[in-house]
Amino acid sequence: MSIGRSELWIRRALLGAVGALDLAAIIATQTVVGRIDPLALPTWYRILLVGCYIVPAVVAVIAQFVGDRAVRALTITAFVASVVPVSVLAVVLVADPGRMGQLPWMVSASTSAAATAAIAWGARTAWIATGALTALIWTLSALVGDLIPNRVANDTQVLIISIAIIALSGALIRSGRAIDEATVSALAAAERRAAAQARQAAAERARAIVHDDVLAALLLAARGIPQLDRLVSEQAAIAAERVRTLAEPERSADVRLVDLADRLREVARAESPAVAFSTRVVRGAVGAVPAAAAIALVAAARQALANSARHAPGSQTSLILFGMRDGVRVVAADDGPGFDIASIGSDRLGVTGTILGRVRAVADCEADIRTGPGAGTSVTLAWRDPQQPGGAAEELEAVTAPTPVRALSSDMRTALLIGILAELALAVYSATVVAYPLVPIAGILAIGASLAAMGWRPLRVPSTGRALWAAAFAVVACVLIAVGDPTEYRLVIGWYANAGAFVMVVLAMRGRPFIALGGVAVGIGLAAAASAAQGVSAVDIVSVLARPAIIGVGAVVVVLGLAALGRRAARIRAEEVEAARADAWRGAERAELLERVGRLDALIGHTLDRLASGEPLSAEERQECVLLEGALRDLYRGARLSREPLIGATRRARSRGVDVVLFDDAPGEPIGDAELDEIAVWMSDFLDGVPSGGFTGRILPSHRPGRASAASEDAATLFRG
Amino acid sequence: MVDDHAVIAMAVRGLVESEPALAFVGHAETVSELFRKVGPADLVILDLRLRDGSEAVRNVERIRAWGAQVVVLTSGEDPYLIREVSRADVLGIVRKSAPPATILGAIAAAARGDSIATAEWAAALDTDPDIGSAPLTAREREVLALYASGLGAKQVASRLGLSENTIDDHLRRIRAVYHAIHRPANTKVELYQRGVEDGFLPGPTAG
């Protein structure tokens with residue numbers, strides 16, 4: 001199963017972080033961390049050791065350029081490379097027992113096994129792998145007489161860091177997966193919505209052409225006024241051309257962006273001097289907009305401002321023209337009371353009829369209204385250049401995505417709990433072996449105070465004050481490393497500083513990375529200075545304080561990097577959604593238009609061609625024009641009444657000279673086909689009895705005494721079902 | 001006449017000129033062109049949907065400001081557009097496909113300053129969700145619904161046992177109320193005035 005883009009990004013970033021930390025560990029262990037009594041090991045093993053720990057760094061680099069399957073394989077490779085040294089060491093020690101000394105630091109200093117296991121298989125496998133490795137290392141340490149306090153303390157610190165890494169990796173991967181799943185849902189929803197809107201837009205375009213040109217030609221042809229024959233012929237030719245080119249992109253002169261801005265400025269000024277008009281044009285923005293699009297945008301903007309004036313009097317209203325590389329957007333917004341758009345019935349066409357309908361009726365144009373009770377109203381009108389790839393959303397649409405750091409709730413709690421317990425165990429142990437037991441006790445209190453200052457609610461970002469207090473206590477914990485007997489400096493492997501850095505990692509994860517970074521810098525700096533003042537050697541200071549420094553700084557870099565990653569993932573998602581939406585729009589619009597062209601051409605094409613020929617019409621042909629004009633009108637205004645046998649009855653009635661009008665005045669109300677058929681039968685029976693004059697058939701709005709009404713000049717009746 | 005289809009304008013011209021009491025002043029494709037090209041007129045017959053993208057409501061307002069009354073011609077399109085224009089100060093809305101005698105009768109009535117009630121107009125108002133909150137009496141709602149069903153003034157009067165004059169009064173009040181419920185109220189004072197005019201609030205009393 002392939003993984004999504006966001007998850008892939010996060011896996012790559014995590015591998016990058018693992019590689020960087022591993023490299024830092026190699027450099028530290030090979031340069032500053034010395035062994036008092038190193039275990040004698042063959043040279044090939046030492047080469048293997050360094051080689052294996054270089055693998056995650058190499059993997060991290062390669063992973064940035066390959067696909068998801070290769071990233072998976074590389075992650076497993078890095079994991080295998082991380083466990084090979086300790087496994088081979090076990091074989092070496094079992095095959096050749098009796099060796100005594102300290103295990104190489106590298107064997108236990110790396111957290112890459114935990115991290116790569118978490119990335120490759122998830123937290124559970126990572127826990128098992130980490131536990132097994134720690135147990136194996138301690139067993140080997142016991143075998144070679146290295147199970148000394150330093151070893152235990154060191155490995156415990158590594159364990160705590162591993163726990164944090166597993167928690168972080170798992171949560172981030174889940175977060176990436178959630179973003180991808182949300183993207184898939186958003187893509188599907190955007191495609192569905194765009195397709196529906198495109199079909200509606202296509203219907204609007206077809207309707208506009210029918211109303212503008214076709215009905216005019218048919219109506220006048222039916223009237224049979226000889227003086228108008230030439231004009232009717234011309235009008236029919238225009239109508240036929242418009243119907244047949246309906247599915248083709250509209251060709252019209254362009255309006256320069258600057259002229260569009262002038263028109264919009266004029267509209268804003270005409271509406272009210274209080275309307276704030278502004279333009280925001282990016283470099284490389286489109287230079288012009290098709291005239292049809294410009295007209296629709298300006299008219300819809302005028303309507304939007306008029307609506308604001310009507311429904312949100314006294315509100316702050318703005319009109320902004322965005323010029324972008326792939327099109328233009330016009331946003332009319334007010335901070336008025338807004339309204340619940342879902343509560344507006346489909347019969348209330350104020351919003352859809354004028355603003356949305358008018359804009360969507362033009363090729364490559366879209367409109368969207370965002371509002372809510374008490375939330376103001378924002379109308380976005382857009383023309384997208386079909387020659388440019390989609391991307392306008394990037395600049396205007398805020399796409400919310402799960403923030404990785406915020407997704408850490410349960411994992412942070414677990415990691416923190418285990419970390420605290422481990423540190424506590426370490427502190428209690430050190431209190432039993434050091435000369436001044438009060439120092440580790442003070443360290444426990446300082447770490448506890450730091451955590452308490454932060455608060456035990458992982459989803460909440462601590463206030464600045466709380467974060468500063470937490471950092472201050474962590475600094476105290478770090479500085480305690482320099483208090484006590486200098487000869488015991490390396491005895492506890494600086495657990496105070498590590499614990500302080502660990503607490504600062506939590507602070508960084510909870511949304512205070514810079515205060516955490518400050519805490520680590522000040523804590524390590526003061527601890528180093530105090531240690532130097534105590535006469536501790538530089539090598540010891542570096543070897544003890546390097547780890548907390550790497551932990552603190554590394555964690556902050558990771559947190560900041562991942563926050564940027566989250567934003568990038570959200571942007572990628574917006575781009576994907578926008579592209580899918582644009583494709584779906586164009587596909588659906590064209591399909592709908594082609595279908596409508598086919599239907600209209602079949603229905604009226606022949607008649608329009610006949611009219612366009614300019615040849616005199618026979619009485620029958622004029623009669624056919626009457627019938628066609630009526631049928632088209634019924635199709636739009638009569639909607640669900642345009643069905644047999646009523647279609648036949650209206651033809652017969654119009655042939656008798658009856659002026660038939662059909663209204664579907666309950667457009668949003670579902671009525672079953674069976675009932676509609678009954679209404680059609682009932683109405684056609686009535687209509688067949690109307691000899692002349694007028695007839696009005698109507699589906700009634702809801703909550704009326706009947707479902708439909710039929711009225712002629714002599715009688716009227718209701719259909720009650 | 002303002003219509004971007006010359007053939008429609010010519011047809012209407014023929015109708016108008018067939019009535020001795022009326023004179024056809026001129027034809028323009030847009031309202032702006034009307035002001036430039038055509039001389040003063042008592043009545044403008046306006047196409048509901050012009051291809052220049054202008055709004056019917058704004059067109060009506062401009063023509064009213066110019067000093068002429070307005071009758072709107074419609075192909076019978078969606079009721080929202082008819083509602084929109086009904087909120088402006090128009091004398092009536094007439095379907096282009098109505099029998100020529102009906103169109104001419106409507107134009108002649110409008111030229112006399114009379115308002116015209118048609119089924120298209122009544123159906124559009126009758127389905128406006130806002131009409132539910134308008135201060136119309138039950139009788140007025142009944143008149144509107146009957147008109148929307150296609151009955152004429154005579155039929156409605158006979159069905160309700162009222163005189164045609166009373167029906168005309170009801171129609172005038174329906175028109176006025178509908179016009180009033182969509183007027184903007186920019187200040188609290190205006191809002192109060194609208195409320196008093198529309199009957200939502202009691203008027204100020206002496207003392």
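Trainee: Before I dig in, what has to be there for two strands to pair?
Mentor: DSSP has to find at least two bridges between them. Keep in mind that this is a predicted model.

Trainee: Okay, so how many bridges join β6 and β7 of chain A?
Mentor: There are 7, linking β6 (residues 365–371) of chain A with β7 (residues 377–384) of chain A. The two strands run antiparallel.

Trainee: Which residue is the bridge partner of Asp368(A)?
Mentor: That's Thr380(A), over in β7(A).

Trainee: And what do β6(A) and β7(A) form?
Mentor: A hairpin, with 5 residues between the strands. Look at Gly374(A) in the turn: its phi is positive, about 80°.

Trainee: Let's switch to the other strands. What's the order in the open sheet of chain A?
Mentor: It goes β8-β9-β10-β11, so to speak across 4 strands, and the pairing is mixed.

Trainee: Which strands stand at the edges?
Mentor: β8 and β11 (716–719) of chain A. Each has a single partner strand, so one side of each has no neighbour in the sheet. As for the twist, it averages 10° from one strand to the next.

Trainee: Do β8(A) and β9(A) pair in what sense, parallel or antiparallel?
Mentor: Parallel, over 6 bridges. In that region, Val661(A) stands opposite Thr696(A) of β9(A).

Trainee: New topic: chain B. How many residues of chain A are in contact with it?
Mentor: 45 residues of chain A, and they meet 38 residues of chain B. Several elements of chain A each supply at least two residues to that side, including α7 (149–223), α19 (619–638) and β8 (659–664).

Trainee: Which one gives the most?
Mentor: α10(A), with 8 residues.

Trainee: How do the residues on that side of chain A divide?
Mentor: Into 21 nonpolar, 11 polar and 13 charged.

Trainee: Now the inside. How many residues does the largest nonpolar core have?
Mentor: It has 128. Among those with the most contacts inside it are Val214(A), Leu220(A), Val85(B) and Tyr147(B). The element that gives the most to this core is α7(A), with 18 residues.

Trainee: Which residues is Val85(B) in contact with, leaving aside its neighbours within four places in sequence?
Mentor: They include Leu48(B), Ala56(B), Val57(B), Val72(B) and Ile93(B).

Trainee: What lies apart from that largest core?
Mentor: Another core, of 109 residues. Ile166(A), Leu172(A), Ala415(A) and Ala467(A) are among its members.

Terms used
Residues are numbered from 1 along each chain as its sequence is written. Chains are lettered from A and ligands numbered from 1 in the order in which they are written. This is a predicted model: local features need pLDDT of at least 70, side-chain atom pairs count only at pLDDT 80 or more; totals for chains, interfaces and linings use all residues. Two residues are in contact if their C-beta atoms, placed from the backbone, lie within 7 Å. Ala, Val, Leu, Ile, Met, Phe, Trp, Tyr, Cys and Pro count as nonpolar, Asp, Glu, Lys and Arg as charged, and the others, Gly among them, as polar. A nonpolar core is a set of buried Ala, Val, Leu, Ile, Met, Phe, Trp, Tyr and Cys residues joined through C-beta atoms within 7 Å. A residue is buried if 20 or more other C-beta atoms lie within 10 Å of its own, exposed if 12 or fewer, and partly exposed in between; C-beta atoms are placed from the backbone. Axes are lines fitted to C-alpha atoms, for helices over the stretch in contact, and angles run from 0 to 180 degrees between N-to-C directions.
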